[in-house]
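Here's a quick tour for anyone opening this one up for the first time. Have a look at the picture, then read on.

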Amino acid sequence: MDMTQEIKFYSPIKEGRPVRTTQRTRAFAKVSLDGKFGREALAQPFVRIDDIEGLTQRQIYDRAIMAIAEQAPLRICTDDDGMPLELLSGAATLGAAIHHVVPATADGTNAVCGSVSHLTCNFDRVVREGMDAFRERITARLEDDTLTPLQREVLLSQLNAWNAMKTYHTRYLELLAEKMVQADSETARAHYKALFDTLSAVPFSPAKTFRQGVQSIWFTFSFIRLCGNWPGIGRMDLMLEDLYQRDLAAGVITEEDARELLAHFFIKGCEWIHLTERGSGDAQHYQNLVLGGVDENGVDRTGDVTRLMLEIVEEFPIADYPIAVRVGHGSPAWIKTKMAEVIRHGSGVVAMYNEDLIIDSLVGFGYELREARQFANDGCWEVQIPGRTRFGYQPMDLYGIFLREVLRLDEETPAVYDDFDAMYDAFRCRMDAVLDGFHAGADHFFWNDPSGVIDLFEDGCIESARSYYNGGPVYNALSPHFGGIPDTANAMYAIEKLVFEEQQLSFADFMHILKNNWAGEEALRQYVRTHYTYYGNDNDAVDRIAAQIIHDFVEDCRQVECRNDVLRPPGISTFGRQIEWREMRPASPHGFRRGDILAGNISPTPSTDTAGATAIIRSACKADYSRLTCGTVLDIRLDPKAVSGARGITAITGLLGAFLTLGGFFLQIDVVDNAVLLDAQAHPENHQSLAVRISGWSARFVTLDKNWQDMVIERTIQGV
């Protein structure tokens, strides 16, 4: 069968998007996006290991990793006629890995070990040096006679992980060689030989071509996630740009060839789609990409590979790779336009970092400038130095703390304050106490759980002979994250207006009404809901409260930036936790009842923002984020009608520019029609590929449960 022939199960995946890839690639995308490979993985969740009694946890882990390498099913995707579809080799085929555990079991049901996420691995070093260099580093370190028994055990676990990856690699080469022999056409044989030749070269040797570079990253990534881990990928365009330009100049590759290869990288990354469960979304595997921006020398490297990757997500409804583009003063003018072209199609896949602000923030926190310039994220949007950082964060509901512990609405007698300043001072004291508790806990950030696979790909673990969990990486960071700041500001503002300025009722009487969840006070509830102009509408009076809370939070955090070798960069987030927090929050002074879903991250409270997207940006950017080193995110949802056509591209580009100019940190824009969401909620079978932005990730809407779907639907939709 000719490679360019029509494929019988081909169905275009366009949804009004441009089409740039071949029919065969689009056919491959359809199979993957329909969940075929994910359902196959669920059918075999684990490999089995036996005789683990008496073994240490690290010995069990090591045995599990080798068993995965030896036993996991291998996958080469073909069409109905047996013709190979894929251009890259490697697959994470064990279903338990989808659920964030090492997919090995001793009892047939439960995983024997946990796994790692919230990190970005050092794929760049794999591409540049090759995995053989990693083994040389381990063996050289093992020659040190001063190693402790624990250090030696950790290094041997890393070596076991390397050997397991080599075993997995050898199995794939043997399968491809077998496929070459069995192929019944010269076309198929040539295809398998090309796969074999590329995989023979990488990832154990440095990549010398663009094709090898993409294969090296994919195979390494597929092995890491096959072992149950959920790593971010980081600055893939920077890793590949020089290889691409060299091949292009030599006539080794065309732009069309490169786009196809990158498209297959994206398509293969959808292998965990299965469309059989509902929760917080089936694309939440933290495999984020960070594109654009400067290199360690301060030279902007936004290039052709950046553009090609954005074109791929513009064509395909792939939510599995949330993309954050770094945009700064040196970025090319075209990058915001290309981002806008992708954003207008919806799915919330492309977001934006304010590169200049973030680099300055990292330097101010103590990172060297060359390190700061290399920032990526942890798989969501929290900032870290990729391939060199163990990252964790502790979420805390600041708004719940204000309601329960400052206003004391869950107590028999709520608090009473004589004026706004007294209330705010009590709030500030409580915030300080919560952060003191956080720091006490952060002093115990290290432990000795096994993590040999991840140790390979985090600089410092081999050199220190310490595991990822036990302080091995160059940087170890635990970030305090407060959520609910927009609602805290709105609540304080409502109290300030209603009680202290207008004096419509006493503080005690208002607290009694809130304690009773607004029962019998609907007229007053509607008054506070509609009479005041809340955060997100460019109202200085309430925005200054939000900005003050953020300032004081950062000031308190910066008193303890590092202690006991643990960095503590502050961040602000909810990551959808406003759903689980809602029942623990008493009624809100700004007119909401217990159980209502309130603001996410630093976005406005749903239904309170009525002045448009520009006003939201103005409100959010009145705060100073230059010292909020871990970061925060502003989510904006736009009406598709407001961003259609060329004027729509201009409008989105304008929003991106305004956010940068006004000093925002990280911006996510989603474009989706509520009518479409409501229809997808009622008829999910008609909207299998509809994707929306959740927080640090995107997800197919039909894989969200009703609470998460309602949260997305209730976000206020904006014009421009």
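## The end of a helix

Let's begin where helix H25 stops: the next residue is Gly663, with a positive phi near 95°. The helix itself covers residues 645–662. With 18 residues at 1.5 Å each, H25 should span 26 Å, and its end C-alpha atoms are indeed 26 Å apart, so the expected and modelled lengths agree.

A good share of H25 is tucked away. Gly648, Ile649, Ala651, Ile652, Thr653, Leu655, Leu656, Gly657, Phe659 and Leu660 are buried. Among the things covering them are strands E6 (323–327), E7 (350–354), E15 (634–638) and E16 (666–671), along with helices H12 (334–343) and H24 (613–620).

## How far to trust it

Keep in mind that this is a predicted model. The protein chain has an average pLDDT of 94, and 97% of the residues score at least 70. Residues 1–12 are another story: pLDDT stays under 50 there, and the model gives this stretch 33 contacts beyond four places in sequence.

## A strand with no bare side

Now for strand E11, which runs through residues 475–483. It is mostly covered, with nine of its nine residues buried. In a regular strand, side chains alternate between the two faces of the sheet. On one side of E11 you'll find Tyr475, Ala477, Ser479, His481 and Gly483, and on the other Asn476, Leu478, Pro480 and Phe482, all of them buried.

Which strands pair with E11? E10 does so in the parallel sense over nine bridges, and Gln394 stands opposite Pro480 of E11. E14 also pairs with E11 in the parallel sense, over two bridges. There, Phe482 has Ile572 of E14 as its bridge partner.

## Rings that meet

The structure holds 37 aromatic pairs. Take Tyr393 and Phe575: their ring centres are 5.4 Å apart and their planes sit at 55°, so this pair is tilted. It joins distant parts of the chain, since Tyr393 is in strand E10 (residues 389–397) while Phe575 is in the loop between strand E14 (571–572) and helix H23 (578–581), 182 residues apart. Tyr393 and Phe575 are both buried.

Phe482 and Phe553 make another tilted pair, because their planes are at 50°, with ring centres 4.8 Å apart. Phe482 belongs to E11 and Phe553 to helix H22 (residues 540–557), so the pair ties together parts 71 residues apart in sequence. How buried is Phe482? Its relative accessible area is 0%, and Phe553 is also at 0% relative accessibility, so it counts as buried.

## A cluster and two charges

Some rings gather in a group: Tyr353, Phe375, Trp381, Phe391, Tyr393, Phe575 and Phe666 form one aromatic cluster. Arg326 lies over the face of Phe375, at 4.0 Å from the ring centre. Another arginine, Arg225, has its charged end over the ring of Trp272, 3.9 Å from the centre.

## A stop at Val499

One more residue to find is Val499, in helix H19 (residues 485–501). Is Val499 buried or exposed? It counts as buried, because its relative accessibility is 7% and the cut-off for buried is under 20%.

Leaving out residues up to four places away in sequence, Val499 touches Ala494, Leu505, Ser506, Phe507 and Phe510. Asn354 is a different matter: Val499 and Asn354 are 145 residues apart in sequence and 39 Å apart in space, C-alpha to C-alpha.

Terms used:
Residues numbered from 1 in each chain as written. Predicted model: local features only at pLDDT ≥ 70, side-chain atom pairs only at ≥ 80, totals over all residues. Heavy atoms only, no water. Helix = DSSP H or I, 4+ residues; strand = E, 2+ residues; numbered from the N terminus. Expected span 1.5 Å × (residues − 1). Buried < 20%, exposed > 50% of the residue type's maximum accessible area, 1.4 Å probe, protein only. Contact = heavy atoms within 4.5 Å. pLDDT = per-residue confidence, 0-100. Phe/Tyr/Trp six-rings, centres within 6.5 Å; stacked < 30°, edge-to-face > 60°. Lys NZ or Arg CZ within 6 Å of the ring centre and 35° of its normal. Pairing = 2+ DSSP bridges.
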